[in-house]
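Biologist: I am new to this one. Could you walk me through it and tell me how each label is earned?
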Amino acid sequence: WVSPLVAGIEDRQGVLWFGTAGDGILRSDGEQFVHITTEDGLSHNEPYSLVEDRQGNIWVGTWGGGLGRYLGTYCRSYTTQDGLGHDAVESVLEDRDGLIWFAHRIAGGASSFDGRTFKMTSALDGLGANRLWTIYQDQRGHMWFGTISGGVTRYDGRTYTTFTKSDGLPDDSIMSICEDRD
C-alpha cells in the first residue's frame with residue numbers, strides 16, 4: 001500500500017500529518033504511524049490540505065467530502081449541508097483573527113468559519129473567480145485569493161482588487177501565494 005502524499009504539516013507537538021491521494025491521513029509521532037480514514041470519522045479519504053489552528057485542532061480540506069476538524073481522537077465533519085460553500089476544499093488557512101478560511105476548487109469561492117457559522121465570499125463579492133487554488137494573509141492583514149483562471153484577488157478589509165495577466169501576471173491561474181520579507 002503506497003499512495004502519493006499530497007499535503008503535510010508538523011503540529012505544535014512535533015507530530016507529522018500527511019494527506020494521501022485516496023488513502024486518508026497518516027499521522028506519525030516519530031515512532032509509529034497511525035492511519036486515519038473514513039472508517040475513523042474522516043469525511044473523505046482524499047485530504048488535500050492540512051492546517052493546525054491556534055487551539056491545536058487539525059483542519060482537513062478534502063476533495064469532495066468537505067471539511068474535517070480532527071479533535072484528538074474524534075473527527076468532526078462539515079459539508080455544504082452545514083453551510084460550507086462546496087465539498088471540494090483545496091486550501092485551508094487560519095487568519096490572524098482566528099477565522100478559518102477555505103478555498104473551493106470546483107465552485108463556491110471561499111468560505112470562512114468563526115466556530116459557529118460559515119460565511120461565503122464569491123465573485124459576486126469581488127473575487128476574480130469562484131474557483132480557487134489558495135488563500136493567503138499578508139503581514140498587513142490583507143487576504144489574497146489565488147484563483148483558477150481569474151488571477152489573484154486582494155481584499156484589504158474594504159475593497160477587492162483583482163490582478164490578472166493584463167496587470168503583468170504570467171498566468172491567470174494562481175496555485176500558491178507567499179510573501180517576501182520586504
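Biologist: Where is the place of Thr 79?

Modeller: This is a predicted model, and in it Thr 79 sits in the loop between β8 (75–78) and β9. The C-alpha atoms of Thr 79 and Val 89, ten residues apart along the chain, are separated by 9.9 Å.

Biologist: Which residues is Thr 79 in contact with, leaving aside its neighbours within four places in sequence?

Modeller: They are Gly 65, Leu 84 and Asp 87. A contact requires heavy atoms within 4.5 Å.

Biologist: What makes β1 and β2 a hairpin?

Modeller: Strand β1 (residues 5–10) and strand β2 (residues 16–20) run antiparallel and are joined by five bridges. Pairing takes at least two bridges, so five bridges are enough for β1 and β2 to count as paired. Five residues lie between the two strands, and Gly 14 in the turn has a positive phi of about 85°. Glu 10 stands opposite Leu 16 in β2.

Biologist: How do you know that β2 pairs with β3?

Modeller: Four bridges join β2 to strand β3 (residues 25–28), and two are needed at the least, so β2 and β3 pair, in the antiparallel sense. One bridge matches Gly 19 with Ile 25 in β3. β2 and β3 form a hairpin too, with four residues between them, and Gly 22 in the turn has a positive phi of about 115°.

Biologist: Why are β9 (89–94) and β12 (118–121) called edge strands?

Modeller: They belong to an open sheet of four strands, in the order β9-β10-β11-β12, with antiparallel pairing. β9 and β12 each pair on one side only, and that gives them the name. Neighbouring strands of this sheet are turned by 20° against each other on average, direction ignored. Inside the sheet, strand β10 (residues 100–104) meets strand β11 (residues 110–113) over four bridges, and Ile 100 has Phe 113 in β11 as its bridge partner.

Biologist: What makes a group such as Ala 7, Ile 9 and Val 15 part of a nonpolar core?

Modeller: Such residues must be buried and joined through side-chain atoms within 4.5 Å. The largest nonpolar core has twelve residues, including Ala 7, Ile 9, Val 15, Trp 17, Leu 50, Ile 58 and Tyr 70. The elements that give two or more residues to this core are β1 and β6 (58–62). A second, separate core of eleven residues includes Trp 59, Leu 84, Val 89 and Phe 118.

Biologist: Why is Ser 149 called exposed?

Modeller: Its relative accessible area is 54%, and exposed means over 50%, so Ser 149 qualifies. Ser 149 is found in the loop between β14 (143–147) and β15 (152–155). Ser 149 also has a positive phi of about 80° although it is not a glycine.

Biologist: How do you know that Asp 172 has no salt bridge?

Modeller: The nearest side chain of opposite charge, Lys 165, is 5.7 Å away. A salt bridge has to fall within 4 Å, so the pair of Asp 172 and Lys 165 does not count as one. Asp 172 is nevertheless buried, and it lies in the segment after β16 (160–163).

Biologist: Which residues does Asp 172 touch, not counting residues up to four places away in sequence?

Modeller: Among them are Thr 147, Ser 149, Gly 150, Thr 164 and Lys 165.

Technical notes. Residues are numbered from 1 along each chain as its sequence is written. This is a predicted model: local features need pLDDT of at least 70, side-chain atom pairs count only at pLDDT 80 or more; totals for chains, interfaces and linings use all residues. Side-chain values use heavy atoms; hydrogens and water are left out. Buried means under 20% relative accessible area, exposed over 50%, partly exposed in between (1.4 Å probe, protein chains only). Lys and Arg count as positive and Asp and Glu as negative; His and the chain ends are not counted. Axes are lines fitted to C-alpha atoms, for helices over the stretch in contact, and angles run from 0 to 180 degrees between N-to-C directions.
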